[in-house]
Amino acid sequence: MQLSEILENYPEFSLASQSDNQDILDFFHRHQMKTDGLQIYYDRGDDFFKHLATQGENIFVFLYRNDKGEVKGIGTISVREQIVNESVHKVLYLGDLRSETSRDVSKKWKELYSRMMTCINEIDEFSSQYNFTVIMHSNLRAIKALVKNQNKFDYIFLDNFEMVNVFCKIPLYFSKPKYQVSSLKAKDELRAFLNSEGIKYQLGLNYELFLKRFEAYQGLKEENVLVIRDKNQVIGMTILWNPSPQKRIILRNLPSYLKAFNMLLSLFTFAPKVNSELKVNYLNDLIISDQYDKSQVLKSIMLYLHKKGEFSRYHSLAFASFKKDPLHLTGFLQDKTKLLFYTVKSGDKTELLDFNKNLNFNLSWV
């Protein structure tokens, strides 16, 4: 089945091109996610497609325009090769999904989305049996619309996880690293490690996929890749990357408890301000040998970054911690945001991602 066969029955919908960029940006920036308490605004710069290129090699942006030609809804699907069950497969990431909250728009948008999701793993252009999406725990509107509503497809819950934002080392808290951390000097240093340990992670990467990160992540250099060693043996790696300016997080409002925390934070480190960019550096592709205590490896990384002054350049360093394999960090001020991992099941052709204890997900993609 081809996308054109689906879209031909829905004349209001089309696949977007670069010529639609400004209309998409205007719509996207007007329709931000509604969450309780903390209010953040995602600024996609002057090119909506630029950040999507980080998410996948092939990008599909779906537009809904009314009879006046005005954009009333968008949805994105990106296709990227990733490791699933220790082999390379194409995986779909269901990203931005926003529509105007009118009855007419919602009805038509739901009809197309339902049709798309029902056939998602049969569409030739996608050529994938695997898909996933991430929903903020506090985004009740999305959860109600996608998960709890009666649809012809099912959102299957896979795992709880948290975005952990680390702000700074706690003053006077004594701690020393257990393992050695350094910047990558040559890409080939990680060939053997990734081809043996990186493939053990669902949505992980081997050495070939690692090299493609330098194409996807704008400005990424070898020095942004950290290598963790136990004596001379490589036991872990991570890629530090910040998607700004192609995607910036603007802090719009802080709930009262976070205002108090932010005042405390300002006494010790570089604290964010309302209506300014929240500068976050992400620990992407945090791959650690399963023979080691992952929390101890993480602590060694954070102590290294503290010593290098990373907390004075960014408001936080962020990583994903999954319920099935949680990462615990002591000795640092931090905050946690709850998220939910889902896959869409449509018919008998969808292969569910089997999430064992090793899972890799890059928060910088969201």
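**Exercise 1. The turn of a hairpin**

How many residues lie between strand 9 and strand 10 in their hairpin, and which residue in the turn has a positive phi?

Solution. This is a predicted model, so work from its coordinates with that in mind.
- Step 1: Find the two strands. Strand 9 covers residues 225-230, and strand 10 covers residues 233-241.
- Step 2: Look at the turn. The hairpin has 2 residues between the strands.
- Step 3: Check the backbone there. K231 has a positive phi of about 60°.
- Step 4: Look at the pairing. Strand 9 and strand 10 run in the antiparallel sense and share 6 bridges. R229 has V234 as its bridge partner in strand 10.

**Exercise 2. The surroundings of strand 10**

State which other strand pairs with strand 10, and decide whether strand 10 is enclosed or open.

Solution.
- Step 1: Find the second partner. Strand 12 pairs with strand 10, also in the antiparallel sense, over 5 bridges.
- Step 2: Pick a bridge. I239 is matched with N284 in strand 12.
- Step 3: Count buried residues. Buried means under 20% relative accessible area. In strand 10, 8 of the 9 residues are buried, so the rest of the structure largely encloses this strand.

**Exercise 3. Strand 4 and its two partners**

Describe how strand 4 pairs with strand 3 and with strand 5.

Solution.
- Step 1: Take strand 3, residues 58-65. Strand 3 pairs with strand 4 in the antiparallel sense over 8 bridges. V61 has T76 as its partner in strand 4.
- Step 2: Take strand 5, residues 87-99. Strand 5 pairs with strand 4 over 11 bridges, again antiparallel. I77 is bridged to L94 in strand 5.
- Step 3: Inspect the hairpins. There are 5 residues between strand 3 and strand 4, and G69 takes a positive phi near 85°. Between strand 4 and strand 5 there are 2 residues, and N85 in that turn has a positive phi of about 55°.
- Step 4: Check burial. Of the 14 residues of strand 4 (residues 71-84), 13 are buried, so this strand is largely enclosed by the rest of the structure.

**Exercise 4. Aromatic pairs**

Classify the ring pairs Y179 with Y292 and F311 with F332.

Solution.
- Step 1: Start with the search. The whole structure holds 21 aromatic pairs.
- Step 2: Take Y179 and Y292. Their centres are 5.6 Å apart and their planes meet at 80°. Planes over 60 degrees apart count as edge-to-face, and this pair is edge-to-face.
- Step 3: Place the residues. Y179 sits in the loop between strand 7 and strand 8, and Y292 in the loop between strand 12 and helix 9, so the pair ties together parts 113 residues apart in sequence. Both Y179 and Y292 are buried.
- Step 4: Take F311 and F332. This pair is tilted, with 6.0 Å between centres and 35° between planes.
- Step 5: Place these too. F311 is in the loop between helix 9 and strand 13, while F332 is in strand 14, so the pair ties together parts 21 residues apart. F311 is buried at 5% relative accessibility. F332 is buried, also at 5%.

**Exercise 5. A surface patch**

Which residues make the nonpolar surface patch of about 310 Å²?

Solution.
- Step 1: Name the members. They are L264, L267 and F268.
- Step 2: Locate F268. F268 lies in the loop between helix 8 and strand 12.
- Step 3: Judge its exposure. At 43% relative accessible area, F268 is partly exposed.

Conventions. Residues numbered from 1 in each chain as written. Predicted model: local features only at pLDDT ≥ 70, side-chain atom pairs only at ≥ 80, totals over all residues. Heavy atoms only, no water. Patch = residues over 30% accessible without salt bridge, like charges linked within 9 Å, V, L, I, M, F, W, Y side chains within 5 Å. Areas by Shrake-Rupley, 256 points an atom, 1.4 Å probe, with all protein chains shown as cover. Salt bridge = Lys/Arg side-chain N within 4 Å of Asp/Glu carboxyl O. Helix = DSSP H or I, 4+ residues; strand = E, 2+ residues; numbered from the N terminus. Buried < 20%, exposed > 50% of the residue type's maximum accessible area, 1.4 Å probe, protein only. Pairing = 2+ DSSP bridges. Phe/Tyr/Trp six-rings, centres within 6.5 Å; stacked < 30°, edge-to-face > 60°.
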